[in-house]
Amino acid sequence: LVSASFDLTCRLWNVANGTELRIFWEATDVIECVVFSPGGHCFATSGFDNINRIRHGSSGSCLKEIWGDSVAEEYTFGTESLAYSPDGTVIECGC
């Protein structure tokens with residue numbers, strides 16, 4: 001389980017015993033959403049810092065940062081929702 005927080009962190013949890021496994025501090029603003037890929041091998045986070053981060057599911061290392069403005073008019077990458085495609089190759093970012 002991964003949680004997103006208004007304290008600028010996301011946290012990886014062991015659901016079997018409720019312990020925190022890892023905390024991630026890279027965000028510079030609120031992290032609003034998090035989603036695991038269909039296979040569980042990675043997860044994505046997004047928030048008010050307008051950076052979408054893709055992380056390795058077990059180590060939590062940042063695999064990629066996607067930031068800035070999109071090609072859509074007046075849209076930035078800070079989102080209120082994230083979703084992976086069923087095959088895990090595409091991430092949807094929306095408001």
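The legends below describe close-up views of a predicted model.

**View 1. Four strands make up an open sheet.**
The strands follow the order β4-β5-β6-β7, and their pairing is antiparallel. Strands β4 (31-36) and β7 (62-67) stand at the edges with a single partner strand each, so one side of each has no neighbour in the sheet. From one strand to the next, the twist averages 15°.

**View 2. β4 and β5 pair and form a hairpin.**
Five bridges connect β4 with β5 (residues 42-47) in the antiparallel sense. Two places help to trace the pairing: I31 stands opposite G47 in β5, and C33 has S46 in β5 as its bridge partner. The hairpin of β4 and β5 has five residues between the strands. In this turn, G40 has a positive phi of about 75°.

**View 3. S37 sits in the loop between β4 and β5.**
Is S37 buried or exposed? The relative accessible area of S37 is 4%, and a residue counts as buried under 20%, so S37 is buried. Which residues does S37 touch, leaving aside its neighbours within four places in sequence? They are C42, F43 and Y84. Two of these contacts, C42 and F43, belong to β5.

**View 4. The residues of β5 are buried on both faces.**
Strand β5 is mostly covered, with six of its six residues buried. In a regular strand, side chains alternate between the two faces of the sheet. In β5, C42, A44 and S46 point one way. F43, T45 and G47 point the other way.

**View 5. β5 also pairs with β6.**
Strand β6 (residues 51-56) runs antiparallel to β5, and four bridges join them. One of the pairings can be followed from T45, whose bridge partner in β6 is R53. Between β5 and β6 lies a hairpin turn of three residues. N50 in this turn has a positive phi of about 60°.

**View 6. β2 and β3 form a hairpin.**
This view turns to another pair of strands, β2 (residues 10-14) and β3 (residues 19-24). They pair in the antiparallel sense over five bridges. N14 has T19 in β3 as its bridge partner. Four residues lie between the strands of this hairpin, and G18 takes a positive phi near 75°.

**View 7. F24, F36 and F43 form one aromatic cluster.**
How many aromatic pairs does a search of the whole structure find? There are two. A pair of aromatic rings is described by the distance of the centres and the angle of the planes. For F24 and F43, the rings are 5.9 Å centre to centre with 55° between the planes, and the pair is tilted. This pair links distant parts of the chain, with F24 in strand β3 and F43 in strand β5, 19 residues apart. The rings of F36 and F43 have centres 5.4 Å apart and planes at 55°, so this pair is tilted.

**View 8. The rings of the cluster can be compared by their accessibility.**
F43 counts as buried, at 0% relative accessibility. F24 is buried as well, with a relative accessible area of 6%. Why does F36 count as partly exposed? Its relative accessibility is 32%, and partly exposed covers the range between the buried limit of 20% and the exposed limit of 50%.

Key. Residues numbered from 1 in each chain as written. Predicted model: local features only at pLDDT ≥ 70, side-chain atom pairs only at ≥ 80, totals over all residues. Heavy atoms only, no water. Pairing = 2+ DSSP bridges. Axes fitted to C-alpha atoms, helices over the stretch in contact; angles between N-to-C directions. Buried < 20%, exposed > 50% of the residue type's maximum accessible area, 1.4 Å probe, protein only. Contact = heavy atoms within 4.5 Å. Phe/Tyr/Trp six-rings, centres within 6.5 Å; stacked < 30°, edge-to-face > 60°.
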